[in-house]
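Me: I am new to this structure and would like to go through it with you, one question at a time. Please show it to me first.

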Amino acid sequence: MAKPTFKSYSQGQVVLFPASLDEKLPADSPARLVSQMVDGLDISSVIDTYKGGGSSAYHPRMMLKVVIFGYLNNIYSCRKIENALNDRVSFMWLSGNQTPDHNTINRFRSSHLKEAIHEIFTQVVMMLVDMGYLSLDLVYVDGTKIESRANRYTFVWRKSVEKYKAKLEEKIRKILELVEEGIAGDNLPEDEPPTPINSEELKRRVAQLNRENRTKEETKAIKTLEDKHLSKLQEYEKHLETMGDRNSYSKTDPAATFMRMKEDHMKNGQLKPAHNVQIATENQFYTHYDFFSNPTDTLTLIPFLSGFKSRYDQFPAKNVADAGYGSEENYEFMEKNHIEAFVKYNYFHKEQKRAFKNNAFHPQNLYYNKAQDYYVCPMGQHMEKTGNTTRKSASGYQSHLSVYQAKNCTGCPLRSLCHSAKGNRQIEVNHNLNRHKETARQKLTSEEGLMHRSRRPIEPESVFGQSKSNKGYNRFRHFDDKEPQKVMMDFALFALAFNMLKLHRKSKHIGQNPSQSQKMDAVLCFLFVFLRKMEKIAKIETFVNENQMPAA
């Protein structure tokens with residue numbers, strides 16, 4: 001048996017020529033890419049946030065490299081970044097062996113980057129455009145809800161505040177009628193509702209009260225107004241002011257709104273404080289982001305695309321999105337700004353099914369005579385136009401609808417299948433929306449539309465999956481008062497680091513050739529579309545063979 005030998009091992013060994021950190025760092029380390037890209041950024045907006053005097057500060061370029069590299073490695077805590085600066089070679093190399101503590105890192109992130117980080121993100125995206133990875137002509141838009149750091153049970157609801165505020169105003173009004181001998185009603189007629197009372201008005205009226213020669217009951221009522229009702233009224237007013245046009249907010253994070261989340265740990269549809277994050281991606285890079293307080297996606301598209309234009313001074317040429325964005329207002333906006341809309345609408349998939357197409361009673365399947373403006377019901381009766389009506393959306397957009405009604409449905413054998421109204425059948429049709437739907441249907445079923453539809457699940461959906469699952473970014477770590485500034489700063493840092501990591505991986509595998517990556521993606525997408533078509537053809541052939549009549 002040979003005797004085993006081991007290499008010499010001495011932790012306290014002293015070397016004559018200390019090793020350089022650059023020698024320890026691999027040539028293809030993402031830290032080198034982060035350093036190279038940050039060195040090419042204009043960070044004058046960050047430098048302008050520093051005040052002169054006092055001791056020298058750590059260089060903002062070094063701090064930016066360290067923070068971005070921390071987010072790139074799923075390290076979002078300032079204390080963990082501080083530890084990494086002391087025991088990880090890549091962090092030591094980026095910082096030049098400088099070791100800012102966690103307070104310094106947090107101060108830099110929260111104070112110096114809060115406004116400037118969005119401009120820095122734009123610079124990085126423009127770098128990717130120059131490299132050929134992005135074009136900014138095509139965006140895949142989608143949204144997700146990310147939970148706030150706030151406590152889940154610190155909710156304030158608009159309906160509750162308004163209900164209790166109205167009850168409190170009624171109590172105050174009765175007390176004022178008692179102590180002012182009926183003057184509080186302002187001599188309004190009995191059929192007119194009393195005017196609301198705010199805290200300033202209550203202060204003024206309480207100050208004008210004559211406190212002399214008051215009964216014990218009136219003195220107690222005045223004291224109740226000053227000590228109890230006034231402060232409660234101010235609290236309700238503050239709640240409504242903080243809420244703005246939202247329906248709820250969290251006491252510990254006023255910028256967060258309660259929304260229904262997919263991650264339901266209670267399994268009861270519980271609402272949680274969260275932010276509706278909208279993103280635009282291209283080639284799986286973040287190109288734009290924004291935060292919204294309303295939980296649905298329909299009302300976010302117009303301000304989101306307007307923000308895209310403010311950032312890059314142009315609208316995207318093409319927009320791909322799911323049915324959550326398919327409204328008349330959004331279609332009108334995209335048509336007006338010459339954005340080619342590959343955006344689904346409600347019932348896009350349902351209307352392609354056989355059951356929907358064979359339903360002769362559905363308004364969309366009724367015959368329409370455009371020249372004479374009438375519909376024909378399944379029994380052949382004309383449904384003439386009887387008037388117009390309007391609908392107003394939550395954003396204030398007005399839709400114009402035409403009303404059509406059949407002349408006589410009495411005794412019709414198909415009435416029970418056609419409608420359940422007492423009188424004649426009546427339908428409301430939005431011709432402008434139908435026009436947009438037809439345009440969207442043609443685009444979505446074209447070769448290019450099929451390609452975009454197949455790419456959409458691997459664009460924003462995969463970016464969200466990587467962000468939440470692989471990167472662990474599924475809950476925010478900052479509080480805000482009214483506007484989500486710190487939360488947006490944190491997400492911008494994350495999106496910036498995500499793009500740099502994506503660039504490192506693409507350049508590493510493709511060999512600094514973005515066109516090859518894009519060609520490969522295009523080949524895969526067209527292959528996917530081809531396979532889907534072949535699958536549909538096979539299903540049709542199987543159906544025909546199964547239902548073929550036997551020969552006589």
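Me: Which helices and strands each supply at least two residues of the lining of the largest pocket?

Reply: Happy to help: this is a predicted model, where local features need pLDDT of at least 70, side-chain atom pairs count only at pLDDT 80 or more, and totals for chains, interfaces and linings use all residues. Residues are numbered from 1 along each chain as its sequence is written, and side-chain values use heavy atoms, leaving out hydrogens and water. On a 1 Å grid over the protein atoms alone, a pocket is an open set of points with protein on both sides within 12 Å along at least five of seven lines, a cavity is a set where a 1.4 Å probe fits but cannot get out, and lining residues have an atom within 4 Å of a point. With helices (H or I, at least four residues) and strands (E, at least two) taken as DSSP runs numbered from the N terminus, the elements that each give at least two lining residues are α13 (328-336), β11 (382-392), β12 (398-406), β13 (426-429) and α16 (431-444).

Me: Which element gives the largest share of that lining?

Reply: The lining of the largest pocket has 35 residues, and those nearest its centre are Val429, Asn430, Leu433, Asn434 and Lys437. The pocket holds about 1,000 Å³ of space, a volume being the space filled by probe spheres set on grid points joined across faces, edges and corners. Seven residues, the largest share of the lining, come from α16.

Me: Which residues lie closest to the centre of the largest cavity?

Reply: Searching the whole structure turns up two cavities of 30 Å³ or more. The largest cavity contains about 100 Å³ of space. Its lining is made of 13 residues, and closest to the centre are Cys377, Cys409, Cys412, Cys418 and His419.

Me: What percentage of the chain's residues reach a pLDDT of 70 or more?

Reply: pLDDT is the predictor's confidence in each residue, from 0 to 100. The chain has a mean pLDDT of 87, and the share of its residues that reach 70 or more is 88%.

Me: Where is the pLDDT below 50, and how many contacts does that stretch have beyond near neighbours in sequence?

Reply: A contact here means heavy atoms within 4.5 Å. The pLDDT falls below 50 over residues 182-188, and the number of contacts this stretch has in the model, beyond near neighbours in sequence, is eight.

Me: Which helix gives the most residues to the largest nonpolar core?

Reply: A nonpolar core is a set of buried Ala, Val, Leu, Ile, Met, Phe, Trp, Tyr and Cys residues joined through side-chain atoms within 4.5 Å; buried means under 20% relative accessible area, exposed over 50%, and partly exposed in between, using a 1.4 Å probe and protein chains only. The largest such core has 93 residues, and Leu64, Ile68, Leu113, Ile120, Tyr286, Phe491 and Met500 touch the most other members. With 14 residues, the top contributor is helix α19 (residues 485-510).

Me: Why does the length of helix α8 agree with what is expected?

Reply: The expected span of a helix is 1.5 Å times one less than its number of residues. Helix α8 (residues 117-131) has 15 residues and should therefore span 21 Å; the distance between its end C-alpha atoms agrees, at 21 Å.

Me: Is Lys65 buried or exposed?

Reply: Lys65 sits in helix α4 (residues 60-72). Leaving aside neighbours within four places in sequence, Lys65 contacts Val34, Ser35, Val38, Asp39 and Leu94. Because its relative accessible area is 10%, Lys65 is buried.

Me: What is the relative accessible area of Phe308?

Reply: Phe308 belongs to helix α12 (residues 301-312). Beyond neighbours within four places in sequence, its contacts include Leu136, Val139, Thr287 and His288. Phe308 is buried, with a relative accessible area of 1%.

Me: How is Thr445 classed at 41% relative accessibility?

Reply: Thr445 is in the loop between α16 and α17 (447-455). Its C-alpha atom is 9.7 Å from that of Phe342, 103 residues away along the chain. At 41% relative accessibility, Thr445 is partly exposed.

Me: What is the phi of Gln284?

Reply: Gln284 is in the loop between β5 and β6, and so is Asn283, which counts as buried because its relative accessibility is 8%. Asn283 has a positive phi near 55°. Gln284 is not a glycine either, yet its phi is positive, about 65°.
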